[in-house]
Amino acid sequence: MAELQQLRVQEAVDSMVKSLERENIRKMQGLMFRCSAGCCEDSQASMQQVHQCIERCHAPLAQAQALVTSELEKFQDRLARCTMHCNDKAKDSIDAGSKELQVKRQLESCVTTCVDDHMNLIPTMTKKMKESLSSIGK
């Protein structure tokens, strides 16, 4: 059961990341490469100037990738905390003498609720990231 819930979240997050890559990151990569190529075409620039120019070209993409990574880590941490709470509740129930099957059902229900709640956060998180990505480099 827990594996099925994990798969649901993983597929939703993968879909979100693919959408961000296709609609935002890929455009930024194109701009970065074109910008970097322009840096290399300046025959009057020193090696250091070309390197600094390329670094400036890479900065927006690096910022975008850091943003996506940070948001995904926060999401993962929140989901982990929620499922940890479910595990704690299940352990408390066993310690209080509840039957194993009852505790297992309670745990599955709790984990499913965590996953459902976090799946509902994905559209808002996606919108927020797309807005942030659109403003990077402008």
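**Cys 114 and its partner**

I opened with Cys 114, which is buried at a relative accessible area of 2%. This is a predicted model, so I'm treating each number as a property of the model. Next I looked for the partner: Cys 114 forms a disulfide with Cys 82, with the two sulfur atoms 2.0 Å apart. I then noted where the two ends sit: Cys 82 is in helix 2 and Cys 114 is in helix 3, so the bond ties together parts that are 32 residues apart in sequence. For handedness I read the torsion about the S-S bond, which is -85°, and the link of Cys 82 and Cys 114 is left-handed.

I also checked Cys 82 for exposure. Cys 82 comes out at 22% relative accessibility and counts as partly exposed. The cut-off for buried is under 20%, so Cys 82 at 22% doesn't make it.

**Cys 86 and Cys 110**

I went on to Cys 86, which a disulfide joins to Cys 110 at an S to S distance of 2.0 Å. Here I have Cys 86 in helix 2 and Cys 110 in helix 3, so this pair ties together parts 24 residues apart in sequence. The link of Cys 86 and Cys 110 is left-handed, with -80° about the S-S bond. Are these two buried or exposed? I found both Cys 86 and Cys 110 buried.

**Cys 35 and Cys 57**

Then I moved to helix 1. Cys 35 is joined to Cys 57 by a disulfide, S to S 1.9 Å. I put Cys 35 in helix 1 and Cys 57 in helix 2, so the bond ties together parts that are 22 residues apart in sequence. The torsion about the S-S bond of this pair is about -65°, so I logged the disulfide as left-handed. Burial is split here: Cys 35 is partly exposed with a relative accessible area of 33%, while Cys 57 is buried at 6%.

**Tally and the unpaired cysteine**

How many disulfides does the distance rule give? I got 4. Numbering the bonded cysteines of the chain in sequence order, I wrote the pairing down as 1-4, 2-3, 5-8, 6-7. Cys 40 is in no disulfide, and the nearest cysteine sulfur, that of Cys 39, is 6.4 Å away. A disulfide needs sulfur atoms within 2.5 Å, so the 6.4 Å gap rules Cys 40 out. I also have Cys 40 down as exposed, with a relative accessible area of 52%.

**His 118**

Back in helix 3, I stopped at His 118. At 7% relative accessibility, His 118 counts as buried. What does His 118 touch, leaving out residues up to four places away in sequence? I listed Phe 75, Arg 78, Leu 79 and Cys 82. That last contact took me back to Cys 82, the disulfide partner of Cys 114.

**The nonpolar core**

Last, I looked up the largest nonpolar core, which has 27 residues. The ones with the most contacts inside it are Met 16, Ile 122 and Leu 133. I checked which helices feed this core: helix 1 (2-40), helix 2 (47-95) and helix 3 (100-135) each supply at least two residues.

I then pulled the contacts of Met 16, again skipping residues up to four places away in sequence. Met 16 touches Leu 72, Ile 122, Met 125, Thr 126 and Met 129. Ile 122 is on that list, and Ile 122 is also among the residues with the most contacts inside the core.

Conventions. Residues numbered from 1 in each chain as written. Predicted model: local features only at pLDDT ≥ 70, side-chain atom pairs only at ≥ 80, totals over all residues. Heavy atoms only, no water. Core = buried A, V, L, I, M, F, W, Y, C linked by side-chain atoms within 4.5 Å. Buried < 20%, exposed > 50% of the residue type's maximum accessible area, 1.4 Å probe, protein only. Helix = DSSP H or I, 4+ residues; strand = E, 2+ residues; numbered from the N terminus. Contact = heavy atoms within 4.5 Å.
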